[in-house]
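Visitor: I am new to this structure and should like to understand the terms used to describe it. Would you kindly show it to me?

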Amino acid sequence: MTTVGGQQHKAGQQRRRWAGPGFHTFGTVFGFVYTFLAGNVLLAVANAPLVLCLALVADPAAAWPFFLALSVTVAPSLAGIFEAFRSLNDDGGAVTPVAAFLLGYRRSFKRAASLGLGAVAVLLFLGVDLAIVQAMPAAAVLVPVIVVAAAVTVSLAVTAIAGVVLLPDAGLKGILRASLYLSLQRWYLSLAMLMLLGIIASAAVLQPVLGVALAPAPLLFVVWSNAAYAYSAALRREAPNNPL
């Protein structure tokens, strides 16, 4: 009887201690939801020419060089949304995604735009090569090589943009070297990134307004989290006492 009574008393104490989710939990959830909603709007505004043309053109694939050229605005906007995610991690429910996005966009614009221009130029070159190779049956063996090169280019650019946000004082060449190393070493994260970016691109092409309004920010948050983890792990190995 004493044992049963003790168990009942302990269960009663546990029930009294459980008060449900606290204010901090709701604040954190609100911070995520607010950041995702505001982030989607800010991404759409920052890439307005691309979004507008996707909504107006019936077959974007037929004019892929034009849309690839318009995508140069994507890189700085990625820096902005990554800065908003960084602020979300630091501030939780007190996050201000609009201010964080504008800060990241302005502070990282030069380096992110350079990365975006470089990636677009390489992808344009690879796209033209792919079109030429597809017209030459004897050179079909080069198609996988071109596709892999395009995938590495996208992965490297996005990882480098995350590095620009995480390490604002680091040199661009150093970030590119680190990004290439991390993209290849953690190839599974790069593969996941490409899949998520593919979902975002497909949603934007198939349903420009609805896709841009709902899809990008939550999926980009996963991309950002993986990239931040990769950089953090690499920095801990290089200098255990050096925080991000």
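Visitor: How much space lies in the largest cavity?

Guide: The model is a predicted one, and in it about 90 Å³ of space lies in the largest cavity.

Visitor: What makes this space a cavity and not a pocket?

Guide: A cavity is a set of points where a 1.4 Å probe fits but cannot get out, whereas a pocket is an open set. With a cut-off of 30 Å³ or more, the count comes to one cavity.

Visitor: Which helices supply at least two residues each of the lining of the largest cavity?

Guide: They are α8 (172-185), α9 (187-206) and α11 (216-238). The largest share, five residues, comes from α11. Among the lining residues are Thr159, Arg186, Met193, Asn226 and Tyr231.

Visitor: Why is Arg186, one of the residues lining the largest cavity, counted as charged?

Guide: Arg belongs with Asp, Glu and Lys in the charged class, so Arg186 is counted there. The lining of the largest cavity divides into seven nonpolar, four polar and one charged.

Visitor: How does the lining of the largest pocket divide into nonpolar, polar and charged residues?

Guide: That lining has 35 nonpolar, seven polar and no charged residues. About 1,400 Å³ of space lies in the largest pocket. Of the 42 residues that line this pocket, the closest to its centre are Leu68, Ser71, Val74, Leu197 and Ala201. The helix α7 gives the most to the lining of the largest pocket, with nine residues.

Visitor: Why is Pro208 called buried?

Guide: Buried means under 20% relative accessible area. Pro208 has a value of 12%, and is therefore buried. Pro208 lies in helix α10 (residues 208-214).

Visitor: With which residues is Pro208 in contact, leaving aside its neighbours within four places in sequence?

Guide: Pro208 is in contact with Val51, Leu54, Ala55 and Ala203. Pro208 and Leu56 are 152 residues apart in sequence, yet 9.2 Å apart in space, C-alpha to C-alpha.

Visitor: What makes a set of residues a nonpolar core?

Guide: The residues must be buried, of certain nonpolar kinds, and joined through side-chain atoms within 4.5 Å. The largest such core has 39 residues, and those with the most contacts inside it are Ile81, Phe82, Phe85, Leu220 and Trp224. The largest share of this core, 11 residues, comes from α11. Apart from this core lies another, of eight residues, among them Cys53, Leu54, Leu70 and Ala204.

Visitor: Which residues does Leu220 touch, not counting those up to four places away in sequence?

Guide: Leu220 touches Leu43, Leu78, Ile81, Phe82, Phe85, Leu197 and Ile200.

How values were computed. Residues numbered from 1 in each chain as written. Predicted model: local features only at pLDDT ≥ 70, side-chain atom pairs only at ≥ 80, totals over all residues. Heavy atoms only, no water. 1 Å grid on protein atoms, 1.4 Å probe; cavity = no way out; pocket = protein on both sides within 12 Å on 5 of 7 lines; lining within 4 Å. Points joined across faces, edges and corners; volume = space filled by probe spheres on them. Helix = DSSP H or I, 4+ residues; strand = E, 2+ residues; numbered from the N terminus. Buried < 20%, exposed > 50% of the residue type's maximum accessible area, 1.4 Å probe, protein only. Contact = heavy atoms within 4.5 Å.
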